[in-house]
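Biologist: I am new to this structure and would like a close look at a single part of it, the salt bridges. Please take me through them slowly, and explain each term as you use it.

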Amino acid sequence: MRKREEIKAAVEAEIAALPVVQYAWLSCGDIPFSERVRTICRQECPRYGTSWSCPPGTGSVAECRENCLQYEGVFVFTTIAEVRDAADMEETLATRSAHEEVTMQIRALFAQQSCETLALSGESCAICRECSYPDGPCRYPDKMMPCIEGYGIVVPLLAEKAGIAFENGGNIVTWFGMILYRQHKK
């Protein structure tokens, strides 16, 4: 099995070509979870209860935490996008797909290092036009990326632990991504 430092070095060499603004390597035990994040999901997010990548489809916060702790480490990163008006949700959300593409590319870098991954991203999964939740299983479980907040993760505290800026200016959208990884067992 490859050593963690070899995996880190290989991934860092490749991400230099991607539009990653900041990144950090953390222990999975450093990830801050809170039930309060789920309250916001339940009360404010229209995707709540409509997708396998969002609660309650992701499981309880305790189950999400337990799932994360099964990995060896976590790679946290940001991408940014400039918009005319950050209060314009349509314009802001239109920048999401570029971040999701970077998240998929970084997940692929870990796969090249023989790692199993769990990718969490900045928004609910949008692979399918209509999610099979709750009537059938996820059609693409290996591609689906649950929402970081949907897992009950407190992103401002995560950013602080990682030494990453949570905000980057007035009309700059900061997208967060996480790749939890572990080496394949032989």
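Modeller: What follows goes through the salt bridges one at a time, with a word on helices and burial along the way. This is a predicted model, in which local features need pLDDT of at least 70 and side-chain atom pairs count only at pLDDT 80 or more, while totals for chains, interfaces and linings use all residues. Residues are numbered from 1 along each chain as its sequence is written, and side-chain values use heavy atoms, with hydrogens and water left out.

Side chains of opposite charge can pair when their charged atoms come close. The structure holds 4 salt bridges, a salt bridge being a side-chain nitrogen of Lys or Arg within 4 Å of a carboxyl oxygen of Asp or Glu. I describe three of them here, among the 4 in the structure.

One of them joins the side chains of Glu 5 and Lys 8, at 3.7 Å from N to O. Both residues belong to helix α1, which covers residues 4-15, and they sit 3 residues apart, about one turn of the helix. Helices here are DSSP runs of H or I with at least four residues, strands are runs of E with at least two, and both are numbered from the N terminus. An α-helix has 3.6 residues a turn, so residues three or four places apart point the same way. The two partners differ in burial, for which buried means under 20% relative accessible area, exposed over 50%, and partly exposed in between, with a 1.4 Å probe and protein chains only. Glu 5 is exposed, with a relative accessible area of 56%, whereas Lys 8 is buried at 19%.

Another salt bridge is formed by Arg 96 and Glu 100, whose closest N and O atoms are 3.8 Å apart. These residues lie in helix α5 (residues 96-112), where a spacing of 4 residues separates Arg 96 and Glu 100 by about one helical turn. Here both Arg 96 and Glu 100 are buried.

A further salt bridge brings together the side chains of Glu 91 and Arg 84, at 3.9 Å from N to O. Glu 91 counts as buried, at 16% relative accessibility, while Arg 84 counts as exposed, at 71%.

To gather up the burial of these pairs, Lys 8 is the buried partner of the exposed Glu 5, Glu 91 is the buried partner of the exposed Arg 84, and Arg 96 and Glu 100 are both buried.
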